[in-house]
Amino acid sequence: MCSTGKVDLVRSLGAADVIDYTREDITGRGRRYDVVLDTGGHRPLTQLRRALAASGTLVIVGSETGGRWLGGIDRQLRALLLTPLVGQRLTTFVNSENEHDLATIAELIESGELAPAVDRTYPLARTPEAIQYMVDGHARGKLVIEIR
Ligand SMILES: NC(=O)c1ccc[n+]([C@@H]2O[C@H](COP(=O)([O-])OP(=O)(O)OC[C@H]3O[C@@H](n4cnc5c(N)ncnc54)[C@H](OP(=O)(O)O)[C@@H]3O)[C@@H](O)[C@H]2O)c1
């Protein structure tokens, strides 16, 4: 799922099916998915569950809203409370960045096993510009900051 300008990019990365979220919703095709990985859009839990197979797994990764009391993680909390009561597995994921994982990713990239989609490369001095480009939602893939 992505916005219109990124549909071709996402297809080129190997996605068999791409939903343009500006034109249709995840429940629009009537399909139920085995796994829903939720990183953006802050869709209600009920809507995400409608897109999920009866014994499917939902993993909420992102889309915090910065809400006043819970920082927008109320969906995550509700998912964890609800999961023992329903057939679907509703869970969350919190990444803990560490040197080992980053080194493994670097090895995969160097060996060619992993090919990140790089949009732009910036020299270190232009980092604020890179961050602004990302915050404005223009980045199509990853941005690289060169430190040399
Ligand atoms: N749980 C963790 O450990 C963890 C770790 C890192 C990040 N996060 C969270 O994960 C989220 C994504 O992080 P990121 O670094 O990937 O952010 P990002 O680079 O800004 O990407 C955001 C993505 O969300 C998509 N998006 C925006 N609106 C959407 C909508 N209505 N429906 C579906 N997709 C939509 C964007 O697609 P378009 O550009 O096509 O609109 C873009 O691909 C953030 O909320 C971040 O806080 C969580």
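**Two arginines and a parallel sheet**

Good morning. In this structure, the backbone oxygen of Gly40 lies 3.3 Å from a polar atom of the Arg43 side chain. I should say at once that this is a predicted model.

Let me stay with Arg43. This residue sits in the loop that connects strand 1, residues 33-38, to helix 2, residues 45-50. Is Arg43 buried or exposed? Its relative accessibility is 11%, which is under the 20% cut-off, so Arg43 counts as buried. Leaving aside residues up to four places away in sequence, Arg43 touches Met1, Tyr21, Asp25, Ile26, Leu48 and Arg75.

I turn now to the sheet. It is an open sheet of 3 strands, ordered 1-2-3, with parallel pairing. Strand 1 and strand 3, residues 89-92, are the edge strands, each pairing on one side only. From one strand to the next, the twist averages 10°. How many bridges join strand 2 to strand 3? Strand 2, residues 52-60, is joined to strand 3 by 4 bridges, and the two run parallel. As one example of pairing, Thr57 has Arg89 in strand 3 as its bridge partner. Helix 3, residues 74-82, lies across strand 1, strand 2 and strand 3, and runs at about 140° to strand 3.

Finally, I come to Arg148, which is located in the segment after strand 5, residues 142-146. With a relative accessible area of 88%, Arg148 is exposed, because that value is over 50%. Its side chain makes a polar contact of 3.2 Å with the side chain of Glu146. Between Arg148 and Ser12, the separation is 136 residues in sequence and 31 Å in space, C-alpha to C-alpha.

Thank you.

Methods
Residues are numbered from 1 along each chain as its sequence is written. This is a predicted model: local features need pLDDT of at least 70, side-chain atom pairs count only at pLDDT 80 or more; totals for chains, interfaces and linings use all residues. Side-chain values use heavy atoms; hydrogens and water are left out. Buried means under 20% relative accessible area, exposed over 50%, partly exposed in between (1.4 Å probe, protein chains only). A polar contact is a pair of N or O atoms within 3.5 Å; within protein, one must be able to donate a hydrogen and the other to accept it, and residues adjacent in sequence count only if both atoms are side-chain atoms. Contact means heavy atoms within 4.5 Å. Two strands pair if DSSP finds at least two bridges between them. Axes are lines fitted to C-alpha atoms, for helices over the stretch in contact, and angles run from 0 to 180 degrees between N-to-C directions.
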